[in-house]
Structures are given as C-alpha cells and as structure tokens.
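Hi everyone, thanks for coming. Let me put the structure up, and then we'll walk through how the helices sit together.

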Amino acid sequence: MRLNLELKPEVRSITLLVISLTTPVLILASIGEERPDAYVAVEILAYYIVTIIDPLIRRIAKLTIIDLILMLIFIAIVIYRVMEII
Amino acid sequence: MRGIEGLSVERSLLVASIIAGITSLAITSWGLYSGLSNITGVGLSGVILAFTLGVIGYTYRVPNLNAYEVYSRALTSFITRLIEDSRLLEDYTISACPSNNSIIILLSPPRIDPCTIKRLGLWAYEDKPYIALMIKPSSLEFEYRDRGVDGLIEILNNIYGLNSIIYRGEEIYRVEFRNIRGYLSEIVGEPLNNLNVLAATAAAIAFNSRVYIEKWSIKHRTYEVELRIEARS
C-alpha cells in the first residue's frame, strides 16, 4: 500500500511556519534561556524570516496586522534592552 | 478547500489557533505565578504562534482565487454590457431550470418559462430578448438533487464554501449570504452576479424545480436573495 504524503503547497507553507516558530523556542528552552523577551524576539525574527523566504503565506493570507503588531513588540523589546544597558 | 478530516484549511487553522492560544495562556500564567521566566517565555512564544495561526486562518483565501477573480470580473462586465445593449435591464427576471446534468440560467423579461428555452446565448423568445447560460455542475452538487432545503444548504455552504442561512416563507425561500467582502461586494450590483447564479443553480438542483429570483439586495455585508420555487409540470 502506498501512502500519499504529498502536501498541498499552502499546507506545506503553514507547516513550515509552525515548525520554524516552534524549533527556536525549544532550542532556547533546552539551553536554559531565562529571559522571556528573548523567546518572544526570536519567535518574531523566525516569523519574519519564514514569511520572507516563503511568499506563498503572504498570498494566501493578509498578514499586515500581524506584521505591524510583531514589529511594534520587537521594537519595544529592543528599546527595553537598550535602555537597560544605558 | 477540504483539509484534514473534512475541515476546511481555514477552519482547521482557527481551531488550532484557539487550542494553542488557550494552552499558551495557561503556560504563561503558570510561568508568571511560579516565577519561572523560561516557562513564561515559552508561553508567550506560544501566544505569538496562536495569534499568527489565527490571523492566517481568518484571512485565508485559496491561492488561485485571484486568477478566478480576474476571469470572473471580465465575464461579469461583458455580460452586464450585453444586458444593457439588449435593453433587458428595463424589466427582467432571473430564473433557472434543471435538466439531467445541467442547469439553464435565464435572464429575460418576466413570465418566460426557463424550461422552454432551447438556445443558449443572446436570443429572442416571442420577440423578447433573453440571455441564457448553461451551468454544468459537478456530480457533487447532483448528490443533493431533490433534497430540498437541506440540499440547498449543503450545496451553498459545503460545496461552494459560502456562508449562507436560509429562511423559509410561503413559496419563497430567502437566502442570506453573510460576510460579503472584497470582490463579491463589488459585483453584487450586477444582475448576473456570482451569488445570484450560484443561488439559482443550487436551488434548481436541490428542489429539482424551476427557480425564479424574485429580488435581491445587500445590507451591510449581508446579501439577500429571494427565490420562488415552482414545481416542474
């Protein structure tokens, strides 16, 4: 019996996005990262990298709102860390 | 578009986002309560993942829909021009007649039986102009032939993927298409728009009868079509 494991392109893209957003978090947790903002910042970076590399996600969904919100969160994290150093 | 276990892709994503969101919020709360910052971090990351899935699910559209939109726009404007040139807009009605494996959609002056029409395209019947189209639905739609209002709901919602509610009156069925946005909201003013054609086609199959579109209107994002079902003689 032959199993049909071929995914539709959009399903493959969404699966890739989920894996890409989950893996860095698991890596950070496994190395004992303590800062919550580091998890969030890495998650946001992973989101932008995947949605730029795989443009199909942007064709199947409108991501403007989430782009904006995640960018604001990322900027807030960066400002918080810079202020902490200063 | 069907996904896992019959759920559409967008619905699967929304369900996944709700589950992930609740779980992540619980993990975040636990992290904050117990003072474990790495657990809080994992929880917050989960919230972002859930939010992303939710947005994708809510705004999801089939990838090749853009191509169909372009084609549909061109065809709709052509048909509207044809209707204007043939002066059908002055007084017309839209009707449908089912046959073995197709549906005739007729735009004509009132009181023309769609089942008497033999020629497709722009023609005249007793000196009155009409436009007739033939729709060839797939075998999926014909599984709901003669199933009445249940069949109509199944065809519109599960096969055509529309968000519709049907109200039954005396001889009249009112179909409400909810959440009409984007391209569909732009073309609802056209006589032979997608929703009129789909409603007439689905009703003609589900009732296996002549269907007359009595009137249609749009209120906010809800498009209403009133269908009169007439038994075949």
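So, start with one pair: H1 and H2 of chain A cross in a right-handed way. Keep in mind that this is a predicted model.

How are two packed helices usually described? By the angle between their axes and how far apart those axes are. Here, H1(A) and H2(A) pack at about 150°, and their axes are 9 Å apart. An angle over 145 degrees counts as roughly antiparallel, so that's what we call H1(A) and H2(A).

Which residues meet there? On the H1(A) side you'll find, among them, Leu16(A), Leu17(A) and Ser20(A), and on the H2(A) side, residues including Ala38(A), Tyr39(A) and Glu43(A). Sorted by class, this contact has 12 nonpolar residues, 1 polar and 1 charged.

Okay, zoom out to the whole chain. Chain A has 4 helices and 0 strands, so to speak an α-α-α-α pattern when you read along the sequence. Of its 86 residues, 21% are buried. And if you take the contacts in chain A with a separation of 6 or more, 61% are between residues 24 or more positions apart.

Now for the partner. How many residues does each chain put into the contact? Chain A gives 28 and chain B gives 18. On the chain A side, H1, H2, H3 and H4 each supply at least two residues, and H1(A) has the largest share, with 8. That side of chain A divides into 19 nonpolar, 2 polar and 7 charged residues.

That's my tour, thanks for listening!

Key. Residues are numbered from 1 along each chain as its sequence is written. Chains are lettered from A and ligands numbered from 1 in the order in which they are written. This is a predicted model: local features need pLDDT of at least 70, side-chain atom pairs count only at pLDDT 80 or more; totals for chains, interfaces and linings use all residues. Two residues are in contact if their C-beta atoms, placed from the backbone, lie within 7 Å. Ala, Val, Leu, Ile, Met, Phe, Trp, Tyr, Cys and Pro count as nonpolar, Asp, Glu, Lys and Arg as charged, and the others, Gly among them, as polar. Axes are lines fitted to C-alpha atoms, for helices over the stretch in contact, and angles run from 0 to 180 degrees between N-to-C directions. Angles under 35 degrees count as roughly parallel, over 145 as roughly antiparallel, 65 to 115 as roughly perpendicular and the rest as oblique. A crossing is left-handed if the near helix is turned anticlockwise from the far one by less than a right angle, and right-handed if clockwise. A residue is buried if 20 or more other C-beta atoms lie within 10 Å of its own, exposed if 12 or fewer, and partly exposed in between; C-beta atoms are placed from the backbone.
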